[in-house]
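Work through the exercises below with the structure open. Try each task before reading its solution.

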Amino acid sequence: MSALPEKMGNANKKKYILEGLSSKLFQFCALISVISLLLIVGFVFYKGSLPFVVDGYSFIDFLTGVDWVPSEEKFGILPMIVASVYATIGALIIGVPVGLFTAIFLAEIAPKRVAKFISPAVQLLAGIPSVLYGVFGLAIIVPFLQNVLNLPRGQSLLAVILVLAIMMLPTIVTVAETAIRAVPKTYREGSLALGASQIETIFKVVVPAAKSGVMAAIVLGVGRAIGETMAVILVAGNSLIIPTSLTDSLRPLTTNIALEMGYAFGSHQNMLFATGIVLFSFILILNFVLAKISAKGEK
Amino acid sequence: MTFIRKTAIGLLVLFTVSALSACNNSNNKTDSSNDRTNRISISGSTSVGPLAEKIADKYMDTNDVKIEINQIGSSAGITNATSGVSEIGMSSRDLKEEEKASGLVETIIAYDGIVVVTHPANKVKNLTMDQVKQIFTGEVSNWKELGGENLEIVVVSREDGSGSREAFQEIVGYSSGELIRNAIIASGNGNIKTTVAMNKHAVGFISFEYIDSSISTIDISGVKATAENVLQQKYSLSRPFLFAHKEDHLTTAGQQFIEYILSPEGQDIVEEVGAIRVK
Amino acid sequence: MRTLKDNILRGFLWFAAFLTVAILVTIVGYIFMKGYRLINFDFIFGDYSPTGHGGIWPMIITTIYTIIISLIIATPIGIFAAVYLQEYAKQGRLVRMIRFATESLTGIPSIIYGLFGAVFFVTTLKLGMSIISASLTLTIIVLPVIIRTTEESLKTVPNTYREGSLALGTTKLQTLYKVILPSAMPGILSGIILSIGRIVGESAAIFLTAGTVAAMPEGIFSSARTLTVHSFLVTQESGDIELASAVGIVLIVIILVLNLLATFISKKLNKANY
């Protein structure tokens, strides 16, 4: 490809031009994801920084303020930050062990016929719109909590945690199961030959060997939980308080954006973009931390 | 050079198939009127929305227009009408000075009442305006204090940009900052109604049009929430339904639609859905 | 001691699996029980009306519109991008940058996409709350999916194919078009099917970019609502769980069909190719 021979035929020349053009086209297409990312980050950060750079709001007050009253120009998102953190951690505490154990069960213990039936079913559920989990949450979980725990309202942190935990189950199970299945047979055989029991082999050899895949499963699950919006709106109650118990209703960051974006304008709208920046930072921190953890695991 | 031809043909087929299927869908189900001038886009209040939808439904039966209604809340509707995203904005509160200053013209298409609602099992059926204020600001937190059962009060309010909320707060006399913090925020009349209907503890406020048997309505100082009482100015929780538009954004089709709403035929529908005639 | 511990852990494994299956069966079962009564010809193919439960044909059409438009744009771009990364690019900063961007796009929550779409496509590009705004937003959302699956399947094409083809004197482009892409077809198709699933299931991003008009869209510049958004709105606005569930059934069936299709295609094409 280095130099075009002078005597090359017309057809060949065309061919080479086409080759060159197409490789440029492919490169451009590949760059579109970079352009999109830059546009998204650029727009969100630009709009989100306007209130602080131009309108003179304090960013610290924004992060630590407890009042969110747009019509009175009060924009504090501490309650929502706390709500998002609690809801995500709660969902993790329930969803990860259950999901992981289910994945281990399907990959290692379940009779082949059972696993063959359940695995695709769970996979299918990973694709179901999250809104439907919210519908179920509002119709069943909210009234259930209210009646059983005798609460004044069922829309609560607990309801959000349950809906998110259920929603992330299929994702965690599917990804973790694939990772566990990918561990070579020889690992298991070696461990069993050394006299370890099946359970010991699973927890001491197979799962550690599948660590990076399992981590990926958790990251994906958490990502789904922290970013989920519409299912959460239905069960959170969207109150503007810092939740102090599992039965308080709450408003996570995502819901704040979805609830108010429809009618917000001016600095109120920009503040929603600032809320987006905070959400964005959470995702970045999460990815960073988990990348660190899995890097450590690799060593 | 067959490969170029084949690539080209392949891409062409892909695109035409997709394009055709898109076209088919539109051809099958939409009217032949692709003329974009025959479209009226309306957005705004979820209180005005259902009324506007019903009138539009009837209007579109006999007129060759397509009316698009987005229920996104009063403030958003007014913003859209100002910026030209929508031809007409619906509002369930009066326009603010700065909104009028931006050149918006308002047309009152109906009046409407706001009613305080509770779960049907709630024994409290009558409140004074002051008690309503105390409930929504959190001074009173148990139904027992109002003559009801020993149940914690759960306040359900609309979101901050809602016209109903602004009108309600103005008449009752409290500000957004005073609203009890742990109030459940519901983004629409229907959402409030559903939340209240599902919860014995709850209290909220909705438009007259949304009243049905799933919730129980509260009288204010003994005055029932009815259209007559609003007309006779006995019941004070009421506000106008507005269409707001900018002169240069309004098409003839939009103008005719507004005229239709104000006609006796349109006003009959207003009454049908439980709102109050203009005249 | 050891057997006791083993048995406890084994018990937990069974319990967790049972719990997962029970919960998921309950949810799907509940949605079917609640919604199946509404499903009939008029419900699926009928026009929407604000009274009663209303037909969902407009929402089905809107959903199809968004799928087609997003894919028309995202598929070629995604495939070409993957081809670039796998077949053309040399490892280096540019490739690392592209990969980083693609991975980051995967991790962004859909509400952020919604925010971006609402301000970029709807306001800045003046496309308004419309199907086209939503579709363009969705294009960015599914792009990483298509790139990744295409890349994966390009990786599985044996190098001998490339070498064999090039040795016969074909150009790189010819090899790509006649040898590599056909062998990678199953992966590409499964990527497209995954993307359809993602589009069908998306709510927040569409809610903020396409609006909520419950009527047959006039074209791609109309505001409209997809099935998933419809399911959300009827739950929120009217608390009509039955209707939301009926829409849910339609969604679940669509996802099911897509999954079966993906399995079928990859089996069929695998047989054809190897």
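**Exercise 1.** How many residue pairs are in polar contact across the interface of domain 1 of chain A and domain 2 of chain A?

*Solution.* Bear in mind that this is a predicted model.

Step 1. Find the two parts. The domain assignment places domain 1 of chain A at 3-56 and domain 2 at 68-298. Their C-alpha centres are 35 Å apart.

Step 2. Look at the contacts. Domain 1 of chain A brings 12 residues, and domain 2 of chain A brings 9.

Step 3. Count the polar pairs. The rule finds 2 residue pairs in polar contact, both residues being at pLDDT 80 or more. Salt bridges between these domains number 0.

Step 4. Sort the residues. The side of domain 1 of chain A that touches domain 2 of chain A has 8 nonpolar, 2 polar and 2 charged residues.

**Exercise 2.** State how much area domain 1 and domain 2 of chain A bury between them, and name the three residues that supply the most on the domain 1 side.

*Solution.* Step 1. Take the total. The two domains of chain A bury about 850 Å² between them. Of this, 80% is on carbon and sulfur atoms.

Step 2. Name the contributors. On the domain 1 side, A:Val44, A:Phe45 and A:Lys47 supply 51% of the area buried against domain 2 of chain A. No other three residues supply more.

**Exercise 3.** Describe how domain 1 of chain C meets domain 2 of chain C.

*Solution.* Step 1. Set the bounds. Chain C is divided into domain 1 (2-36) and domain 2 (39-273). The C-alpha centres of these domains lie 32 Å apart.

Step 2. Take contacts and area. Here 7 residues of domain 1 of chain C touch 8 residues of domain 2 of chain C. The pair buries about 650 Å², with 74% of it on carbon and sulfur atoms.

Step 3. Find the main residues. C:Ile31, C:Phe32 and C:Lys34 lose the most area on the domain 1 side, together 59% of what that side buries.

Step 4. Check the polar links. There are 0 salt bridges between the two domains of chain C. There is 1 residue pair in polar contact, with both residues at pLDDT 80 or more.

Step 5. Sort by class. The domain 1 side in chain C has 5 nonpolar, 1 polar and 1 charged residue.

**Exercise 4.** Which helix of chain A gives the most residues to the side that touches chain C?

*Solution.* Step 1. Count the residues in contact. Chain A has 68 and chain C has 72.

Step 2. Add the area. Chain A and chain C bury about 6,400 Å² between them, 84% of it on carbon and sulfur atoms.

Step 3. Pick out the helix. Helix H1 (residues 10-53) of chain A gives the most, with 21 residues.

Step 4. Read the classes. The chain A side has 50 nonpolar, 14 polar and 4 charged residues.

Step 5. Finish with the links. The rule finds 0 salt bridges between chain A and chain C. It finds 8 residue pairs in polar contact, both residues at pLDDT 80 or more.

**Exercise 5.** Where in chain B is confidence lowest, and where is it highest?

*Solution.* Step 1. Start with the average. Chain B has a mean pLDDT of 84, and 86% of its residues score at least 70.

Step 2. Compare the elements. Confidence is lowest in helix H1 (residues 2-29) of chain B, at a mean of 45. Confidence is highest in helix H5 (residues 129-137) of chain B, at 95.

Step 3. Mark the weak stretches. pLDDT is below 50 over residues 1-5 of chain B. It is also under 50 over residues 11-36 of chain B.

Step 4. Apply the caution. Low pLDDT means that predicted coordinates should not be read in detail.

Definitions and conventions. Residues are numbered from 1 along each chain as its sequence is written. Chains are lettered from A and ligands numbered from 1 in the order in which they are written. This is a predicted model: local features need pLDDT of at least 70, side-chain atom pairs count only at pLDDT 80 or more; totals for chains, interfaces and linings use all residues. Side-chain values use heavy atoms; hydrogens and water are left out. Domain bounds come from an automatic or database domain assignment. Contact means heavy atoms within 4.5 Å. Buried area is the accessible area (1.4 Å probe) that two parts lose on being put together, summed over both. A salt bridge is a side-chain nitrogen of Lys or Arg within 4 Å of a carboxyl oxygen of Asp or Glu. A polar contact is a pair of N or O atoms within 3.5 Å; within protein, one must be able to donate a hydrogen and the other to accept it, and residues adjacent in sequence count only if both atoms are side-chain atoms. Ala, Val, Leu, Ile, Met, Phe, Trp, Tyr, Cys and Pro count as nonpolar, Asp, Glu, Lys and Arg as charged, and the others, Gly among them, as polar. pLDDT is the predictor's confidence in each residue, from 0 to 100. Helices (H or I, at least four residues) and strands (E, at least two) are DSSP runs, numbered from the N terminus.
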